[in-house]
Amino acid sequence: MEAPRSSMQLHCLGTAGYHPCEGRHTSCYFLPQAGLLLDAGTGLFRLPPLIETDELDILLSHAHLDHVAGLTFLIDVLYQRPVQKVRVWGEAEKLAAVREHLFADLMFPVPLDVDWRAVEEQEEIVLRGCRVKTMVQDHPGGSIGYRLDWQSGESLLYLTDTTGTETAEAIEFCSGADFMMHECYFGAEHRDFAEKTGHTWTGKLAKIAELCQPKRLLLTHVNPLDPAPEKMLAEVRQSLCESPIDISMADDGLVVPIFS
């Protein structure tokens with residue numbers, strides 16, 4: 001069943017990269033009406049009161065710990081709010097690494113009752129009226145970006161842990177989206193660090209947004225050591241000052257209407 005157009009919201013449960021800090025847990029975003037979770041960082045513990053569906057689908061961008069550690073919280077999450085089925089989606093080798101290492105007996109000795117689904121093994125992924133597409137991204141160990149297209153016409157991009165790409169294929173994948181979630185880990189002065197660590201800096205993000213022209217842009221995967229992340233937001237806004245794109249930054253607890 002397609003989620004009601006007027007009620008689709010994005011809940012930011014964790015908005016930091018690498019490790020939690022006082023105001024942010026690591027990457028975890030939830031669309032309650034769609035039953036879709038974007039990554040499973042430490043912010044996942046906030047999930048139970050928001051669940052509205054009897055099935056959950058967790059879309060993993062990659063297997064780094066700040067994006068998968070929250071999978072170990074699912075035992076308590078599902079105790080508080082049981083559902084009929086949980087599917088965890090990602091690249092086959094990343095899912096295998098999570099199952100072998102994160103859920104090794106000596107690491108976490110409780111079996112996780114979920115259905116593991118490799119995205120590259122599917123001809124098509126459609127989840128409750130939402131078509132899911134993936135794009136390979138440049139990041140140490142690799143990551144994938146997601147595009148969600150609803151039957152009602154709206155679209156959302158989730159692009160994190162990537163240097164950002166301007167290839168023709170990537171621009172085609174990202175163009176025409178209503179809502180773009182894109183990591184922004186470094187400001188202009190740390191461009192070299194961004195390129196070395198496989199992350200996006202403000203100037204690169206601004207260029208990608210200019211090429212793809214989403215209606216709205218949400219900066220995500222914030223550097224937990226950055227004392228003033230609003231400076232990055234200001235840099236992106238300044239670079240796109242002549243663009244009609246609505247630009248904001250994710251914060252833990254932020255609720256964003258996706259369908260407007």
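In this predicted model, strand 12 and strand 13 (residues 246-249) run parallel and are joined by four bridges. One place to see this pairing is Arg-216, which stands opposite Asp-246 in strand 13. The connection between the two strands involves a helix as well: strand 12, helix 7 (residues 230-239) and strand 13 make a right-handed β-α-β unit.

Strand 12 also pairs with strand 11 (residues 179-183), again in parallel, and here five bridges link the two. Within this pairing, His-182 can be found opposite Leu-219 of strand 12.

How many of the five residues of strand 12 are buried? The count is five of five for residues 216-220, so the strand is largely enclosed by the rest of the structure. Looking at the two faces in turn helps to picture this. Arg-216, Leu-218 and Thr-220 lie on one side, Leu-217 and Leu-219 lie on the other, and with all of them buried, both faces are covered.

Elsewhere in the model, attention turns to pockets. The largest pocket has a volume of about 200 Å³. Two elements, helix 2 (74-80) and strand 5 (85-90), each supply at least two residues of its lining. Helix 2 gives the most, with three residues. Among the residues that line the largest pocket are Leu-74, Ile-75 and Leu-78, along with Pro-82, Val-83, Gln-84, Lys-85 and Val-86. The lining also includes Leu-112, Asp-113, Val-114 and Asp-115. Sorted by class, the lining of this pocket holds eight nonpolar, one polar and three charged residues.

How values were computed. Residues are numbered from 1 along each chain as its sequence is written. This is a predicted model: local features need pLDDT of at least 70, side-chain atom pairs count only at pLDDT 80 or more; totals for chains, interfaces and linings use all residues. Side-chain values use heavy atoms; hydrogens and water are left out. On a 1 Å grid over the protein atoms alone, a cavity is a set of points where a 1.4 Å probe fits but cannot get out, and a pocket is an open set with protein on both sides within 12 Å along at least five of seven lines; lining residues have an atom within 4 Å of a point. Grid points are joined across faces, edges and corners, and a volume is the space filled by probe spheres set on the points. Ala, Val, Leu, Ile, Met, Phe, Trp, Tyr, Cys and Pro count as nonpolar, Asp, Glu, Lys and Arg as charged, and the others, Gly among them, as polar. Buried means under 20% relative accessible area, exposed over 50%, partly exposed in between (1.4 Å probe, protein chains only). Two strands pair if DSSP finds at least two bridges between them. A crossover is right-handed if, with the strands pointing away from the viewer, the path from the first strand over the helix to the second runs clockwise.
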